[in-house]
Amino acid sequence: MEQPESSLKHSKIPALKRLLVDDNINIDEAVVHVMRLKTINPDVHPRFNETLRVCLSQIVGYRQLQAEVESVRKVQYSSDNLDHEALLMQLWSTLKPDTQLKSRLSPQWTELGFQGDDPMTDFRGMGLLGLRNLLFFVSSYTDQARSMLTRSFHPQYGYSFAIVGINLTSLAYSMLTAGHLKTHFYNLVDGCPQLTHFHHVYCYLFVEFDKFWFDERPRDIMEFNRVKTKFQKQVIHKLKNKSTILINELIPC
Amino acid sequence: MGLLALLRKLKSTPDRELRILLLGLDNAGKTTLLKHLASEDISHITPTQGFNIKSVQSSGFKLNVWDIGGQRKIRPYWKNYFENTDVLIYVIDSADRKRFDETAEELSLLLDEEKLTGVPVLIFANKQDLFGAAPASEIAQGLNLHSIRDRKWQIQASSAMSGEGVKVKIADAGQGSLTGQRSLFQIRDH
């Protein structure tokens, strides 16, 4: 799949190169165009048309996903925005169904692994994407998320669940931006990947990181960046294998 | 020209390497400051779990800047990074008035630390771009900085977001005076 992408990129024909950067291409027209330019006879190569169509959809789809993810990230969390606040409250009630949050600003937020009384200040450069990812994970895999939250208070190997979660959004985001996730999405979706697919990558990363962290037996939380970098290298290495799909044995609730 | 231009006299030892420790409460802007010093993009910052370190070259000096997470849970680890610190940079969110007492308390604990005895301290009254930010003079008063006698110190209004005030020139410790002592830091805007 990355082969056609590379062929287009290095093509001497400007119209073919443009397929990689133009956000408004009509894929069906592009397929006809490519076949004409390359004088491919559909009777001789009956599957070419469909294969090329899938390839182009994936290439364009990845770029569209990057744009969509970026647009969510760019939205700063705002406590004046009722939608944002509702998502945050949902995060609380999903993880702590039996505990009442006493007030919007409360040290109780540290029980979810936020830094202080107001989670708003923790979303920072990941904006709404950090919250949407967290919420997707805890809503889709609630049991898993709750048990990870509980374990994150381990006296020696504990970490701040929400903060680490936001840092993992940053990891997923940077891998998407750098193109590392192409392998995964090209193998997974025969067309345009959606935001949900990105959320699933996030879930994979969070669950795998949690395991990795405990397996590493870090001295303390100050080792976080060392362990995170090591983990990231391992995932990127895995994605160099052309058949990789990032899935694990998560069971939806 | 780098962001930090250092002059020789700051350190008595001949090696041209400085260890700078960045501390302050969570959400004060330490990592943003660090990224600024390293001329890196500041739009994708996340809360610091653990610490970040960057080495910045400036005017032939190597600055090793340690940015340690400020969350309450992590503060007990600050002491592991005190050793051999040449300059302490303490960052304050000037708009977070609710936590002025907390940040003053943390700073005063730091100034009492044996391993930081005599270490010069630069305080950033950060987030001056925010509505309601306290001016540096008010913060200096609140922190009772003028009573510091055992070390060089300076307070600087800054906005790590816009880069205002963070372009620090650590100047020849022989010119100028703020507190009657020799001035350590000379601040330059852009």
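**Exercise 1. Find how strand E6 of chain B is joined to E7(B), and place the pair in its sheet.**

Solution.
Step 1. Strand E6 covers residues 121-126 of chain B, and 5 bridges join it to E7(B). The two strands run parallel. This is a predicted model.
Step 2. Take one bridge. Ile123(B) has Ile155(B) as its partner in E7(B).
Step 3. Widen the view. The open sheet of chain B has 6 strands, in the order E3-E4-E2-E5-E6-E7, with mixed pairing.
Step 4. Mark the edges. Strand E3 (51-58) and strand E7 (153-157) of chain B each pair on one side only.
Step 5. Add the twist. From one strand to the next, it averages 20 degrees.
Step 6. Add the helix. Helix H2 (residues 100-111) of chain B packs on the sheet. H2 touches strand E2 (17-24), strand E5 (87-93) and E6 of chain B. The direction of H2 makes about 170 degrees with that of E5(B).

**Exercise 2. Describe the largest pocket: its volume and its lining.**

Solution.
Step 1. The volume is about 1400 Å³.
Step 2. The lining has 50 residues; among the closest to the centre are Thr121(A), Arg124(A) and Asp93(B).
Step 3. Two or more lining residues come from each of helix H6 (120-123) of chain A and helix H1 (30-37) of chain B.
Step 4. Sort by class: 14 nonpolar, 18 polar and 18 charged.

**Exercise 3. Do likewise for the second largest pocket.**

Solution.
Step 1. The volume is about 430 Å³.
Step 2. Of 22 lining residues, those closest to the centre include Asn225(A), Lys228(A) and Lys35(B).
Step 3. The classes are 6 nonpolar, 10 polar and 6 charged.

How values were computed
Residues are numbered from 1 along each chain as its sequence is written. Chains are lettered from A and ligands numbered from 1 in the order in which they are written. This is a predicted model: local features need pLDDT of at least 70, side-chain atom pairs count only at pLDDT 80 or more; totals for chains, interfaces and linings use all residues. Side-chain values use heavy atoms; hydrogens and water are left out. Two strands pair if DSSP finds at least two bridges between them. Helices (H or I, at least four residues) and strands (E, at least two) are DSSP runs, numbered from the N terminus. Axes are lines fitted to C-alpha atoms, for helices over the stretch in contact, and angles run from 0 to 180 degrees between N-to-C directions. Contact means heavy atoms within 4.5 Å. On a 1 Å grid over the protein atoms alone, a cavity is a set of points where a 1.4 Å probe fits but cannot get out, and a pocket is an open set with protein on both sides within 12 Å along at least five of seven lines; lining residues have an atom within 4 Å of a point. Grid points are joined across faces, edges and corners, and a volume is the space filled by probe spheres set on the points. Ala, Val, Leu, Ile, Met, Phe, Trp, Tyr, Cys and Pro count as nonpolar, Asp, Glu, Lys and Arg as charged, and the others, Gly among them, as polar.
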